[in-house]
Amino acid sequence: MDIYQRYGPALMRKCIRMLGSVQDAEDIVQGLFVDLLRKQKSDVDLPYLYRAVTNRSLNHVRDRHRRAALLQRESGGQDWISRVDEAPVSRDLLLKLIQVLDGKSREILVYRFFDDMTQEEISELTGYSRKTVGKKLDRIRSRAEALLRDERCIAPEGGADARR
Amino acid sequence: MHDADCTGAPLSWLVLEQYHLGELKPSRRDQVEGHLRDCGPCREAIETIVQDPMVLPPLPSADVRERLFDVNLLPFRFGFAAVMAGFLILLAIRLWPGSLSSPSWPPAVMGYKGGELAVFLVRERNGDIRHAPTGYLDGDRFRLHVTCPPGDRPLDVVVYQGDGAYFPLNVAEISCTNRAAIPGAFQLSGLETVHVCVMVDHIPPRETVAAGPSMLPDAAVCASLKPLK
């Protein structure tokens with residue numbers, strides 16, 4: 001399947017960025033192209049495929065059993081960093097955010113923080129208005145800051161919590 | 001991810017991929033090239049795409065998967081199962097220790113430490129990618145994937161050809177998983193069957209392994225390639 005050879009590597013790189021696992025990326029990308037093959041659908045372009053693997057990856061992340069394994073895998077290190085208003089954010093935190101956000105916000109989070117898209121690009125790709133994208137990103141930032149605050153509030157064992 | 005110190009808004013990964021594929025409209029392509037001239041982080045990002053040795057696994061055939069579970073093919077399923085059973089029996093006889101034609105080369109797949117140790121070859125010839133090749137022509141490039149129990153493990157690769165042996169890759173360690181790609185590629189040429197062997201965990205000195213396959217450690221798997229001309 002020519003479109004598999006042509007677009008497969010780009011989609012693999014995208015899934016690996018998000019999931020941190022070559023095997024998971026292979027499962028998702030192959031699953032997508034098998035479905036396209038079954039439907040005999042070949043008139044697709046890269047933006048369409050980008051959106052398709054984003055949704056499949058999000059479903060994959062939301063699977064409870066896989067999520068536990070993902071978080072366990074990621075909790076050891078921060079070999080990949082994105083930025084939320086200059087605050088470094090690990091893949092672990094972004095995956096936690098995915099669990100608490102609504103469907104549109106999850107998708108926008110992926111395009112902004114895993115794919116480095118601008119709001120205009122996200123709007124063009126998804127069909128959401130620029131205003132919606134902006135509002136959702138503000139919400140994502142608020143949730144990220146809240147999660148970061150929660151993590152910093154965990155006092156070490158035996159130590160006093162200064163906030164009490 | 002590559003917006004640190006970027007000149008203006010960073011180019012998204014989608015745009016970089018489309019640029020790499022030559023799918024941008026001329027005006028957009030010119031904008032991207034102008035940005036890349038001025039932006040180091042984005043240049044590094046496009047380089048990671050250009051240099052990425054991504055090798056795709058073969059696409060499973062949806063048609064074959066569906067047919068195997070088609071109830072109407074019940075008689076054929078039993079026939080297929082009988083043929084597979086016969087094949088497995090022949091394979092067991094072939095590999096049984098002390099059998100008439102027992103191989104002196106480690107297999108490509110074996111059980112190891114509660115998991116699987118396996119080597120997969122990928123051949124590239126003039127842009128055409130072939131998984132699990134059985135032969136080679138002069139100049140063919142090969143990459144290796146290995147399946148091994150999860151964890152960081154020492155690893156080395158040795159190629160036996162004729163009476164000689166050489167080490168085509170400089171890899172000291174790999175993060176094991178299912179079909180982990182071993183960094184680097186190598187070319188083959190010649191008129192003799194080649195045995196590409198991957199050693200995991202216990203790695204003897206290269207001088208020892210170069211003496212022959214009998215010096216390979218237990219945790220070694222090999223794939224063979226015949227010359228095609």
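## Exercises on loops, a helix and an interface

Between α6 and α7 of chain A runs a loop, and Asp116(A) is found in it. The exercises below begin there and concern a predicted model.

**Exercise 1.** Determine whether Asp116(A) is buried or exposed, and describe its phi.

Solution. Begin with the backbone: phi of Asp116(A) is positive, about 60°, although this residue is not a glycine. Set this beside the general expectation, which is that most residues other than glycine have a negative phi. Then turn to accessibility: Asp116(A) has a relative accessible area of 2%, and because the cut-off for buried is under 20%, Asp116(A) counts as buried.

**Exercise 2.** Carry out the same analysis for Gln40(A): where does it lie, what is its phi, and is it buried or exposed?

Solution. First locate Gln40(A), which has its place in the loop between α2 and α3 of chain A. Next read its phi, which is positive at about 55°, although Gln40(A) is not a glycine. Finally compare its relative accessibility of 74% with the cut-off for exposed, over 50%; Gln40(A) therefore counts as exposed.

**Exercise 3.** Describe helix α1 of chain A, from its length and bend to its surroundings and the residue that follows it.

Solution. Start with length: α1(A) covers residues 2-19, 18 residues in total, and spans 25 Å from its first C-alpha to its last, which is close to the expected 26 Å. Then look for a bend, and a kink of about 45° appears at Gly8(A), shortly before the proline Pro9(A). As for surroundings, 14 of the 18 residues of α1(A) are buried, so the helix is largely enclosed by the rest of the structure. After the helix comes Gly20(A), with a positive phi near 70°.

**Exercise 4.** Identify the backbone nitrogens that lie close enough to the side chain of Ser21(A) for a polar contact, and state how accessible Ser21(A) is.

Solution. Place the residue first: Ser21(A) sits in the loop that connects α1 and α2 of chain A. A polar atom of its side chain lies 3.0 Å from the backbone nitrogen of Asp24(A), and a polar atom of the same side chain lies 3.3 Å from the backbone nitrogen of Gln23(A). Both distances fall within the 3.5 Å cut-off. Since its relative accessibility is 10%, Ser21(A) counts as buried.

**Exercise 5.** Characterise the interface between chain A and chain B, and find which element of chain A supplies the largest share of it.

Solution. Consider the extent first: 32 residues from chain A and 29 residues from chain B take part in the contact, and the area buried between the chains is about 2,800 Å², with 59% of it given by carbon and sulfur atoms. Then list the polar features, which comprise seven residue pairs in polar contact and three salt bridges. In one salt bridge the side chain of Arg6(A) meets that of Glu23(B) at 2.9 Å, N to O. Several elements of chain A, including α2, α3 and β1, each supply at least two residues of the side that touches chain B. The largest share of that side, 11 residues, comes from α1(A).

**Exercise 6.** Summarise the fold of chain A: how many helices and strands does it have, and in what pattern do they follow?

Solution. Count the elements, which gives eight helices and two strands, and then read them along the sequence as α-α-α-α-β-β-α-α-α-α. Of the 164 residues in chain A, 48% are buried.

Key:
Residues numbered from 1 in each chain as written. Chains lettered and ligands numbered in written order. Predicted model: local features only at pLDDT ≥ 70, side-chain atom pairs only at ≥ 80, totals over all residues. Heavy atoms only, no water. Helix = DSSP H or I, 4+ residues; strand = E, 2+ residues; numbered from the N terminus. Expected span 1.5 Å × (residues − 1). Bend = angle between axes of the 7 residues up to and from the residue. Buried < 20%, exposed > 50% of the residue type's maximum accessible area, 1.4 Å probe, protein only. Contact = heavy atoms within 4.5 Å. Buried area = accessible area lost by both parts, 1.4 Å probe. Salt bridge = Lys/Arg side-chain N within 4 Å of Asp/Glu carboxyl O. Polar contact = N/O pair within 3.5 Å; in protein donor to acceptor, adjacent residues only side chain to side chain.
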